[in-house]
Amino acid sequence: MAGRPLRLVADIGGTTARFALCEQNSRPSEPTVYRCADYADIGNALGEFLDQNSDRQPLDEGFLAVAAPVMGDRVALTNHPWRFEIADLQRSLGFGRLQIVNDFTAIALSLPHLLDAEVRQICDGIAVPESASAVIGPGTGLGVSALVSGGGHSIALVGEGGHVDYAPVDALEREIFRWLSMRFDHVSLERVLSGPGLVNLFRAICHVEDMSEVMQEVRGLDHVSAADVVRRANSGDCPASARAVATFCAILGSAAGNLALTVGARGGVYIAGGVVSKLGDAFSPALFRDRFIAKGRFRKYLEAIPTYIITESNPALLGLAHLSADAT
């Protein structure tokens, strides 16, 4: 990468932080991935990455995507204890520029630049050129954004759509909602569409359907992870886990359909985040699609919208690379 200025790009989530370098108008390098829990703060993680790359030419610019709202100088991750002030972090790094954006804003910016091999279409539909595209992604939390295009320009919407109300659709979901509402003061979509949300669904289903033998098997459910639920669902021996995964797919379809209607995403809806990729064959496109289009009079409208899974593992870094090029 010698010869042209390098920029730091980083995707800071609730579980992992990914750091990479990129040249102007190029894709980022293969990222270095750190567990957020291994570092006291973002400065420590950034410092280690920069030390490991100290043989590179000096860096003067950084572009960070964070799993948090960015509304001023102070940034607080939604699902991790890291807190920092942008100005202080910029001074400590010695950067001339440090730009911070929401992680799903960065993913939305990546959508026009994803290669055909980096997405997988899971439902029929044909994208309408110059129309909005939307992205939704269950991970440690739930991210939502959209890319609005027109006149040769694109703008990524900045919002916190993962924290809208969860709206149950059928009898089981209404019971799940009732159980969750006794444990959370606000049952947001993130409470059911995320890694922890999948566990919430599993626990709720065990209680709602009185699967006491399952609860005993998993030692009271307090230490169950999303990976445990997926593993148990794929084993074929745990009806509660299979029901939780199926319910997750259906709710994701409902949420994606709502998002498509809200932003007019006739350019397509993209699924990002780590949870769906880890579901593998347990993810049901059929359950997702059934609920995606189940919007009464607007069924035909939604049937025309294609939906995709982003298979590129670092779309936020790709979006940041293009953001950094546009910021020159």
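Is Arg 35 buried, exposed or partly exposed? I looked this up before anything else: Arg 35 is partly exposed, at a relative accessible area of 48%. For this term I used under 20% relative accessible area as buried, over 50% as exposed and anything in between as partly exposed, with a 1.4 Å probe and protein chains only.

**Basis of the entries**

I note that the model is predicted, that local features need pLDDT of at least 70 and side-chain atom pairs pLDDT 80 or more, and that totals for chains, interfaces and linings use all residues. Residues are numbered from 1 along each chain as its sequence is written, and side-chain values use heavy atoms, with hydrogens and water left out.

**Salt bridges**

I took a salt bridge to be a side-chain nitrogen of Lys or Arg within 4 Å of a carboxyl oxygen of Asp or Glu. The search of the whole structure returned 12 of them. Arg 35 takes part in one, its side chain meeting that of Asp 38 at 2.7 Å, N to O.

I then turned to pairs within helices; helices (H or I, at least four residues) and strands (E, at least two) are DSSP runs, numbered from the N terminus. In helix α4 (residues 171-181), Arg 178 and Glu 175 lie three residues apart, about one turn of the helix. Their salt bridge has its closest N and O atoms 2.5 Å apart. Arg 178 is partly exposed at 46%, and Glu 175 is also partly exposed, at 35%.

Lys 300 and Glu 303 are three residues apart in helix α11 (residues 299-303), which separates them by about one helical turn. The closest N and O atoms of their salt bridge are 3.7 Å apart. Lys 300 counts as exposed at 65% relative accessibility, whereas Glu 303 counts as partly exposed at 28%.

I also recorded a network of salt bridges that links Arg 7, Glu 61 and Arg 97.

**Asp 103**

Which side chain of opposite charge is nearest to Asp 103? It is Arg 18, 9.8 Å away; Asp 103 is buried and has no salt bridge. In this count Lys and Arg are positive and Asp and Glu negative, while His and the chain ends are not counted.

Asp 103 belongs to helix α3 (residues 103-110). I listed its contacts (heavy atoms within 4.5 Å). Leaving aside neighbours within four places in sequence, they are Asp 11, Ala 65, Val 66, Ala 67 and Ala 316.

**Packing of α3 and α12**

Two packed helices are described by the angle between their axes and the distance between the axes. Axes are lines fitted to C-alpha atoms, for helices over the stretch in contact, and angles run from 0 to 180 degrees between N-to-C directions. For α3 and helix α12 (residues 315-326) I noted an angle of about 75 degrees and axes 7 Å apart. That makes α3 roughly perpendicular to α12; the class covers 65 to 115 degrees, with under 35 roughly parallel, over 145 roughly antiparallel and the rest oblique. Asp 103 and Ile 107 are among the α3 residues making this contact, and Ala 316 and Leu 320 are among those of α12.

**The five-stranded sheet**

Strands were taken as paired if DSSP finds at least two bridges between them. One open sheet of five strands has the order β3-β2-β1-β4-β7, with mixed pairing. β3 (32-35) and β7 (97-102) stand at its edges, each with a single partner strand, so one side of each has no neighbour in the sheet. The twist averages 20 degrees from one strand to the next.

Strands β1 (residues 6-12) and β2 (residues 16-23) run antiparallel and are joined by seven bridges. Leu 8 has Leu 21 in β2 as its bridge partner. α12 lies across β1, β2, β4 and β7, at about 140 degrees to β1.

**The six-stranded sheet**

Another open sheet, of six strands, has the order β8-β13-β12-β9-β10-β11, with mixed pairing. Its edges are β8 (119-123) and β11 (153-156), each with a single partner strand, so one side of each is left without a neighbour in the sheet. Here the twist averages 25 degrees from one strand to the next.

β8 and strand β13 (residues 307-310) run antiparallel, with four bridges between them. Arg 120 stands opposite Ile 309 in β13. Helix α3 lies across β9 (133-138), β10 (142-150), β11 and β13, at about 40 degrees to β10.
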